[in-house]
Structures are given as structure tokens and as C-alpha cells.
Amino acid sequence: MLCNAPLEIGEHAVCHRCIADNHLFDAFQLQVANNPMERRLYGSCITAASSLMTYQQGEPSQRLIHDLKYNGKKRIAEFLGKAMAEKIAHSPRYADIDYVMPVPIHENKQRKRGYNQSELIAAVIANELHIPLVTDKLSRVSDNMAQASMSLEERQKTRIEFRLKDKRFFEGKKVLLIDDVFTTGTTVLNCVETFTHVKEINIVFYAAASPLGR
């Protein structure tokens with residue numbers, strides 16, 4: 001999807017050469033402890049946060065996320081999900097996960113788009129890691145305007161409401177929360193705030209891309 005060359009067996013959406021030439025998965029600074037994402041989420045119930053790619057305007061990372069999110073190219077979710085699953089499987093910080101859960105979007109947006117891109121990615125990860133996927137316990141209540149059209153200041157001030165169903169379901173569990181892009185952390189912080197009163201919950205977070213690694 002980047003160079004328009006035929007894919008080889010075992011390749012998904014993007015060829016191995018484009019991955020290497022564009023250093024697509026080399027966001028090492030976002031895959032170690034105390035990285036910029038974790039510092040942004042400090043004080044929440046999230047114990048680890050990482051990103052597969054560094055999101056940059058005009059670069060392949062932006063193109064992939066944009067095509068998945070707005071152009072209906074769902075097979076990018078398989079490409080990203082498989083790569084994220086491999087990183088997660090080799091990280092001790094992401095061991096012993098009980099559930100994989102995507103950050104939900106509002107039902108109006110999902111109806112208009114036809115899918116939640118984070119859920120598509122999360123489904124691939126859950127399948128690769130053989131971990132149950134949970135999609136019916138958390139919902140997004142507020143239908144805010146797209147954050148991509150907001151300024152940084154507007155994003156940070158935006159309040160996004162989520163609703164958690166069946167808190168006991170998550171008690172004592174380790175949950176892997178998945179999203180497509182992590183920017184200011186507002187969405188994720190508002191999301192995990194709903195878990196504040198869940199006993200002994202451990203949430204770890206993984207995004208497909210984040211600009212914080214630049």
C-alpha cells in the first residue's frame with residue numbers, strides 16, 4: 001500500500017522492504033519504560049503505554065492511519081495488529097493479559113464510518129495472542145467533534161465521557177487497551193477514568209502510532 005509493488009507470501013498490506021526503508025516500526029523511544037506516553041498518563045491506572053510507530057505528517061505512518069480510518073482500507077488493521085501483537089508478545093510489561101479491549105468510538109461515528117478502526121486492530125491482536133476480545137463492556141457517551149480537526153489546546157480541554165458496564169467483570173484483571181493514535185492522551189485518560197473504582201485492575205495501553213516519539 002506504500003510502493004504499489006506485489007506482496008510476497010506472508011506480507012500484509014505493506015511489504016517488508018517498505019517497513020525497513022521507512023523504519024516504520026522503529027519507535028524504540030515509545031516502547032521502553034518511562035517513555036513520553038507513560039509520562040503523559042502518569043497518575044492514571046495505566047501501568048505501561050507504548051506505540052508501534054512514530055506518527056509524522058506526510059510520512060507512511062500518517063498515510064496508513066488515514067487510509068484505515070477514513071478510506072475504508074480495513075486490511076491495514078491486520079497489518080498493524082499483527083505487528084503490534086509481535087511487539088506485545090515479546091515485552092515482559094505486557095505479560096499475563098486477561099482481556100484485549102479497544103477504545104470505543106461513539107455509535108453515531110461508528111454507524112457513519114461502518115467500523116471502529118481500533119476495534120479492528122484489537123481483534124487481530126486478540127486473535128494473534130489468543131486472548132479474549134471484549135467490546136461490550138465500555139461505551140463512549142459523548143459524541144465530540146473529530147480530534148484531528150482540533151488544536152492541541154482544544155484537545156487537552158475536551159471532556160470525553162465513557163460508560164463502564166459490569167465493573168466486577170474487570171476486578172483483578174489485566175486489560176490491554178488498544179487505540180489507533182495517541183496524541184495528547186485526553187481520550188485515554190478519560191477512558192480509563194471509568195475504571196477508577198474497579199478493584200485491583202491493571203491496564204496496559206498500546207497505540208498503533210503516536211507523535212510523541214519525534
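**Exercise 1. Find out how many residues of strand 1 are buried, and which strand pairs with strand 1.**

Solution. Begin with the limits of strand 1, which covers residues 46-54; helices (H or I, at least four residues) and strands (E, at least two) are DSSP runs, numbered from the N terminus. The model is a predicted one, in which local features need pLDDT of at least 70 and side-chain atom pairs count only at pLDDT 80 or more, while totals for chains, interfaces and linings use all residues. Residues are numbered from 1 along each chain as its sequence is written, and side-chain values use heavy atoms, with hydrogens and water left out.

Next, apply the term buried (under 20% relative accessible area, with exposed over 50% and partly exposed in between, for a 1.4 Å probe and protein chains only): eight of the nine residues of strand 1 are buried, so that the strand is mostly covered.

Finally, look for a partner, remembering that two strands pair if DSSP finds at least two bridges between them. Strand 1 pairs with strand 6 (residues 202-210) in the parallel sense, over seven bridges, and alanine 49 stands opposite phenylalanine 205 of strand 6.

**Exercise 2. List the buried residues of helix 3, and state which elements they pack against.**

Solution. Helix 3 spans residues 60-70, and eight of its eleven residues are buried. These are Pro60, Ser61, Gln62, Leu64, Ile65, Asp67, Leu68 and Lys69. To find their surroundings, use contact, which is defined as heavy atoms within 4.5 Å; the buried residues of helix 3 pack against strand 1, helix 4 (75-89), helix 5 (107-113), helix 6 (117-129), strand 5 (174-181) and strand 6. After helix 3 comes glycine 72, whose phi is positive, near 70 degrees.

**Exercise 3. Determine which element gives the most residues to the largest nonpolar core.**

Solution. A nonpolar core is a set of buried Ala, Val, Leu, Ile, Met, Phe, Trp, Tyr and Cys residues joined through side-chain atoms within 4.5 Å. The largest one has 39 residues, of which Met53, Phe79, Leu80, Met84, Ile121, Leu176 and Ile178 touch the most other members. Helix 1 (16-21), strand 1, helix 3, helix 4, helix 6, strand 5 and strand 6 each supply at least two residues of this core, and helix 4 gives the most, with eight residues. A second, separate core of 28 residues includes Ile46, Leu138, Val188 and Val192.

As a last step, follow leucine 176, which, leaving aside its neighbours within four places in sequence, is in contact with several residues, among them Ile88, Tyr94, Ile125 and Val204.
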